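Here is a short report on helix packing, cysteines and backbone outliers. Please look over the sequence and structure first.

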Amino acid sequence: MPQGSSHRVVVLVDDNSNPFELSCAIEIFGLPRPELGRDLYDFALCAARPQTRMRDGFFTLGGVAGLDAADTADTLIVPNRPDVEAPRPAAVLDAIRRAHARGARIVGFCSGAFTMAEAGILDGRRATAHWRWAHLFRARFPAVRLEPDVLFVDDGDILTAAGSAAALDLGLHVVRRDHGAEVANAVSRRLVFPGHRDGGQRQFVERPVPELRDHSLGPVLAWALEHLDAPLTVADLAARAAVSPATLHRRFRAQLGTTPLAWLTGERVALACRLIERGEPRIDVVARRTGLGTAAHLRDVLRRVTGLSPSAYRARFGAA
């Protein structure tokens, strides 16, 4: 796990890269964090040539490191490429292969998954890509286990985000994985961006303009967040929203791309992580305050979501 700024994040900038994804990487991994009292990562950009033409010729990027910087990356970020059918330069693909072979974490933003697949590092692995290119991706790279209807996929040392905005979701997920929920929340507050959208949420979410004001989920979500310590059920949420459970499910799917139970569990786990990080040593108290019931249930859910037991999570992210 990264300690302070010793973990090096390098973004590989290629011809016709999208400035938005580049900016996402800079905002999340590259900026100083005076509000935290420390920097989270050592950060650099690299490119195959001294001058790189960005998407549609909006501007030309210069003054960044050469591809040899990719050989020093602990995490290598592969950018968006709108020209998904154009082959990437051999030097770029070789840099990705070398980084993966020596154990670096590889992160792909949006159609960067095409570059990763072209480099051959996604064969047999789980990944996602923008829904617009899912059929093309499957046709070109049938050995990849594509999950086309999620925001991002975390497959251990290989992570992929589905679209431009999902790059922010994935970036915050990486920070959460490296530094814990409290730090990720601080980064998201500075971005003025939701601190946690689960990777399993759908890419494309219908957001029709509601005919009636009370169709909004806002009031019931706010109420639920204030009552996470209570044994809330989907029926309780539906009653609070004055709709049937079936209607509530439809609205959650349409507006949030997830189910009421999955959302509720996610918020409870996020609260549990924050309590552990803030120093609460009693797991039964954490379980009670988050509505997860028993310490045993908290252990099961936390391990399923984070891959860590409460004690391991505290050792990694807890207050000194």
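Helix H7 passes helix H8 in a right-handed crossing. The model is predicted. H7 covers residues 218-226 and H8 covers residues 234-241. Their axes come within 9 Å. The crossing angle is roughly 130 degrees, which makes H7 oblique to H8. Oblique applies here because the angle falls outside the 65 to 115 degree range and is not over 145 degrees.

Which residues in H7 and H8 meet? From H7 come Val220, Trp223 and Ala224. From H8 come Asp236, Leu237, Arg240 and Ala241. By class, the H7 contact with H8 has 5 nonpolar and 2 charged residues, with no polar ones.

**After H8**

Ala242 lies in the loop between H8 and helix H9 (245-255). Its phi is near 60 degrees, a positive value in a residue other than glycine. Is Ala242 buried or exposed? Ala242 is exposed, because its relative accessible area of 67% is over 50%.

Cys110 also has a positive phi, of about 55 degrees, although it is not a glycine. Cys110 is found in the loop between strand S6 (105-108) and helix H3 (112-118). Cys110 is buried, since its relative accessible area of 2% is under the 20% cut-off.

**Cysteines**

How many disulfides does a search of the whole structure find? The search finds 0. Cys46 is in no disulfide. For Cys46, the nearest cysteine sulfur is that of Cys24, 18 Å away. A disulfide needs the sulfur atoms within 2.5 Å, so this pair does not qualify.

Accessibility values for three cysteines are listed here.

| Residue | Relative accessibility | Class |
|---|---|---|
| Cys46 | 0% | buried |
| Cys110 | 2% | buried |
| Cys273 | 5% | buried |

**Helix H1**

Cys24 belongs to the buried residues of helix H1 (residues 19-30). The others are Pro19, Glu21, Leu22, Ala25, Ile28 and Phe29. What do the buried residues of H1 pack against? Their strand partners are S1 (8-13), S2 (42-47), S4 (60-62) and S5 (75-78). Their helix partners are H5 (164-179) and H6 (181-191).

Key
Residues numbered from 1 in each chain as written. Predicted model: local features only at pLDDT ≥ 70, side-chain atom pairs only at ≥ 80, totals over all residues. Heavy atoms only, no water. Axes fitted to C-alpha atoms, helices over the stretch in contact; angles between N-to-C directions. Helix = DSSP H or I, 4+ residues; strand = E, 2+ residues; numbered from the N terminus. Parallel < 35°, antiparallel > 145°, perpendicular 65-115°, else oblique. Left-handed = near helix turned anticlockwise from the far one by under 90°. Contact = heavy atoms within 4.5 Å. Nonpolar A, V, L, I, M, F, W, Y, C, P; charged D, E, K, R; others polar. Buried < 20%, exposed > 50% of the residue type's maximum accessible area, 1.4 Å probe, protein only.
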